[in-house]
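Trainee: I would like to learn how to read a model like this one, feature by feature. Where do we begin?

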Amino acid sequence: MLENGIDVTDSFFDEYSNNYLNNSLKEIQEYLCDDNVQISYKEFANQTRATESKSVTYQHYKAATDTTGKFTKEWIVNMQCYITWDANKYKITSYNTPILYLSTASWKTNWSPYITNVSTDAPVVNSDRTAVTFSAGYTMKGSYSYFNGISETYSFGSYRISDTFYV
């Protein structure tokens, strides 16, 4: 868990574990929205080390309030990456530019959430080729349709995400 680029996982659990146990989730949601917090989870395919390649999907949870201050919403954006390495030397040999997509955004009736302004950076491999960093950016929006057929678009902010894969 990152707050302004700094790992705050331990302090988050110390501070908010009682809120979670007591089902006081509003304070946790406010913290996540107000303090520019990014929560990441990575999911691996091809779990065996001997395969020499791996498809990795990094999941990024975000909660934010739209620019008008009316709505607070949550979503998960996935960044899918593909990496190949020499299994004998543990050196990265190839990787792809990540693919970014909206995974989950259950915003209830009348909402159509979507990401726009998607940009993916060229992956950066470290000097000894044992790690590669993937980065991307996006803007979260949602269109709300009223029952009379009129719709409005709300912006929930622009975000940068980054994850590093280590061989």
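Mentor: Begin with one pair of facing residues: Phe134 stands opposite Asp163 in S11. Keep in mind that this is a predicted model.

Trainee: Which strands does that pairing belong to, and how many bridges join them?

Mentor: Strand S10, residues 131–145, and strand S11, residues 151–166, run antiparallel and are joined by 14 bridges. Five residues sit between the two strands of this hairpin, and Gly149 has a positive phi near 95 degrees there.

Trainee: What does the rest of the chain consist of?

Mentor: The chain has two helices and 11 strands. Read from the N terminus, the order is β-β-α-α-β-β-β-β-β-β-β-β-β. Of the 167 residues, 37% are buried. The chain exposes about 9600 Å², and carbon and sulfur atoms supply 48% of that area.

Trainee: How do I read contacts against sequence distance?

Mentor: Take the contacts between residues at least 6 apart in sequence, then ask what share spans a longer stretch. Here 55% of those contacts join residues at least 24 apart. For a single case, Gln38 and Lys62 are 24 residues apart along the chain, and their C-alpha atoms are separated by 6.2 Å. Gln38 lies in strand S3, residues 37–44, and is buried at a relative accessible area of 14%.

Trainee: Is strand S4 mostly buried or exposed?

Mentor: Count its residues against the cut-off, which is under 20% relative accessible area for buried. In S4, residues 53–65, 11 of the 13 residues are buried, so the strand is largely enclosed by the rest of the structure.

Trainee: Which strand does S4 pair with?

Mentor: S4 pairs with strand S5, residues 72–86, through 13 bridges, and the two run antiparallel. To check the register, take Thr57, whose bridge partner in S5 is Gln80. The hairpin of S4 and S5 has six residues between the strands, and Gly69 takes a positive phi near 85 degrees in it.

Trainee: Which residue does the side chain of His60 contact?

Mentor: His60 is in strand S4 and counts as buried at 2% relative accessibility. Its side chain makes a polar contact of 2.5 Å with the side chain of Asp163. Asp163 is the residue in S11 that stands opposite Phe134.

Trainee: And charged pairs? What is the general idea?

Mentor: Side chains of opposite charge can pair when their charged atoms come close. In this model the count is one salt bridge. Arg160 forms it with Asp121, with the closest N and O atoms 2.4 Å apart. Since Arg160 lies in strand S11 and Asp121 in the loop between strand S8 (111–120) and strand S9 (124–125), the pair ties together parts that are 39 residues apart in sequence.

Trainee: How accessible are Arg160 and Asp121?

Mentor: Arg160 is partly exposed, with a relative accessible area of 46%. Asp121 is also partly exposed, at 30%.

Trainee: How many aromatic pairs are there?

Mentor: The count is 14 aromatic pairs. One of them is Trp75 with Tyr159, a tilted pair with 5.9 Å from centre to centre and 55 degrees between the planes. Trp75 lies in strand S5 and Tyr159 in strand S11, so this pair ties together parts that are 84 residues apart in sequence. Both rings belong to buried residues: Trp75 has 1% relative accessibility, and Tyr159 has 15%.

Trainee: Which residues do the ring pairs link into a cluster?

Mentor: Phe71, Trp75, Trp107, Trp111, Tyr138, Tyr144, Tyr146, Tyr154, Phe156 and Tyr159 are linked by ring pairs into a cluster.

Trainee: Back to backbone angles. Where does Tyr90 lie, and what is its phi?

Mentor: Tyr90 is in the loop between S5 and strand S6 (91–95). Its phi is near 55 degrees, a positive value in a residue other than glycine. Tyr90 is partly exposed, with a relative accessible area of 35%.

Trainee: What is the phi of Arg129?

Mentor: The phi of Arg129 is near 60 degrees, again positive in a residue other than glycine. Arg129 lies in the loop between S9 and S10 and counts as partly exposed at 31% relative accessibility.

Terms used
Residues numbered from 1 in each chain as written. Predicted model: local features only at pLDDT ≥ 70, side-chain atom pairs only at ≥ 80, totals over all residues. Heavy atoms only, no water. Helix = DSSP H or I, 4+ residues; strand = E, 2+ residues; numbered from the N terminus. Buried < 20%, exposed > 50% of the residue type's maximum accessible area, 1.4 Å probe, protein only. Contact = heavy atoms within 4.5 Å. Areas by Shrake-Rupley, 256 points an atom, 1.4 Å probe, with all protein chains shown as cover. Pairing = 2+ DSSP bridges. Salt bridge = Lys/Arg side-chain N within 4 Å of Asp/Glu carboxyl O. Phe/Tyr/Trp six-rings, centres within 6.5 Å; stacked < 30°, edge-to-face > 60°. Polar contact = N/O pair within 3.5 Å; in protein donor to acceptor, adjacent residues only side chain to side chain.
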